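Thank you all for making time this morning. I would like to walk through one model with you, moving from single residues out to the fold and then to the open space in it.

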Amino acid sequence: MAARPDVPGSGREEAGRPPLPRAWQPLLARPPLAKLLGDPLADAALGEMARLLPTPVALHSLRTFLLADARARAGETAYDRVGLLAVAAFHDTGLVGRGPLGRGGFTARGAELLDGFLAGRRVDDARRRALTRAVREHMRPFPASGWGPEARLLHFGAWLDVTGRGERRLPGERRLLAELAPTSWFALSFCARVAACGPRRVLPARRAAPR
């Protein structure tokens with residue numbers, strides 16, 4: 001991905017790492033994300049987010065990761081932190097772009113894209129299965145106990161960010177992240193995207209991300 005002069009990075013770029021969008025910076029500065037900058041898989045996942053996702057969806061993905069991480073820390077849950085960032089980065093990629101969706105709808109498409117990304121970086125099969133399952137299942141109303149920690153955490157973070165469900169477990173955290181990186185009317189636009197993908201199994205046209 002070519003660097004854009006109007007989009008500065010976090011101030012921690014290493015040689016060869018492209019800058020990330022300005023709108024992401026307040027979230028990237030949060031310790032759980034800041035500590036991952038420089039990890040090859042994390043940097044690649046963030047780069048794919050910048051390439052694939054419009055700004056509101058990307059900010060939702062970053063907030064989802066931070067809420068999921070906060071839940072894990074509150075419950076002292078061990079999990080694959082870099083893997084969860086990749087999961088958060090790809091979990092809604094099936095909602096953007098154009099083209100027909102196959103069986104399983106946009107969540108299956110996102111899982112397919114994540115699987116290709118992980119395979120290209122030689123992530124082992126067991127880890128790929130656990131992470132892609134998290135994306136494939138995240139729209140179900142309740143997570144199954146056997147899904148694994150990454151799937152349960154993604155489910156928690158994504159639903160909390162969009163709907164507020166689970167807020168009592170992390171009082172004030174959702175509001176704080178929304179203030180740091182606001183996306184006005186995101187819940188409404190997200191539901192419209194899901195509705196467009198569901199019945200028609202067609203991806204809505206992607207709008208250019210603001211610069």
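Let me begin with Ala72, which has a relative accessible area of 1% and is therefore buried, given that the cut-off for that word is under 20%. I should say at once that this is a predicted model, and every value I quote is computed from it. Ala72 sits in helix 4, and, once its neighbours within four places in sequence are left aside, Ala72 is in contact with Thr77, Tyr79 and Leu153. Between the C-alpha atoms of Ala72 and Phe156 there are 10.0 Å, although the two residues are 84 apart along the chain. Please keep Phe156 in mind, as I will return to that residue when we come to the pocket.

Stepping back to the whole chain, we have ten helices and two strands, and the order from the N terminus is α-α-α-α-α-β-α-α-α-α-α-β. The chain has 211 residues, of which 49% are buried. If we take the contacts between residues at least 6 apart in sequence, 65% of them join residues that are at least 24 apart.

Next, the interior. Which residues touch the most other members of the largest nonpolar core? In that core of 55 residues, they are Trp24, Leu46, Phe65, Leu114 and Phe117. At least two core residues come from each of helix 1 (25-28), helix 3 (40-52), helix 4 (55-74), helix 5 (81-90), helix 6 (105-120), helix 7 and helix 8, while the helix that gives the most is helix 4, with ten residues. Phe117 is a good place to look in detail: setting aside residues within four places in sequence, its contacts are Leu41, Ala44, Ala45, Glu48, Ala86 and Phe90.

Two of those partners, Ala86 and Phe90, are also among the buried residues of helix 5, so let me turn to that helix. Why is helix 5 described as largely enclosed by the rest of the structure? The reason is that nine of its ten residues are buried, and the buried residues of helix 5 pack against helix 2 (31-34), helix 3, helix 4, helix 6, helix 7 and helix 8. At the N-terminal end, helix 5 is capped by Asp80, with a side-chain oxygen placed 2.8 Å from the backbone nitrogen of Gly83.

A charged residue deserves a moment as well. Arg128, which belongs to helix 7 (residues 125-137), is buried, because its relative accessible area of 18% falls under the 20% limit. The Arg128 side chain makes a polar contact, at 3.1 Å, with the side chain of Asp125. Not counting residues up to four places away in sequence, Arg128 also touches Asp115, Leu118, Ala119 and Val123.

Finally, the open space. The largest pocket has a volume of about 360 Å³, and among its 15 lining residues those closest to the centre are Arg71, Pro143, Arg152, Phe156 and Arg169. Here, then, is Phe156 again, as promised. Helix 8 (residues 149-163) provides the largest share of the lining, namely six residues. Sorted by class, the lining consists of six nonpolar, four polar and five charged residues.

I will stop there, and I am happy to go back to any of these views.

Definitions and conventions: Residues are numbered from 1 along each chain as its sequence is written. This is a predicted model: local features need pLDDT of at least 70, side-chain atom pairs count only at pLDDT 80 or more; totals for chains, interfaces and linings use all residues. Side-chain values use heavy atoms; hydrogens and water are left out. On a 1 Å grid over the protein atoms alone, a cavity is a set of points where a 1.4 Å probe fits but cannot get out, and a pocket is an open set with protein on both sides within 12 Å along at least five of seven lines; lining residues have an atom within 4 Å of a point. Grid points are joined across faces, edges and corners, and a volume is the space filled by probe spheres set on the points. Helices (H or I, at least four residues) and strands (E, at least two) are DSSP runs, numbered from the N terminus. Ala, Val, Leu, Ile, Met, Phe, Trp, Tyr, Cys and Pro count as nonpolar, Asp, Glu, Lys and Arg as charged, and the others, Gly among them, as polar. Buried means under 20% relative accessible area, exposed over 50%, partly exposed in between (1.4 Å probe, protein chains only). A polar contact is a pair of N or O atoms within 3.5 Å; within protein, one must be able to donate a hydrogen and the other to accept it, and residues adjacent in sequence count only if both atoms are side-chain atoms. Contact means heavy atoms within 4.5 Å. A nonpolar core is a set of buried Ala, Val, Leu, Ile, Met, Phe, Trp, Tyr and Cys residues joined through side-chain atoms within 4.5 Å.
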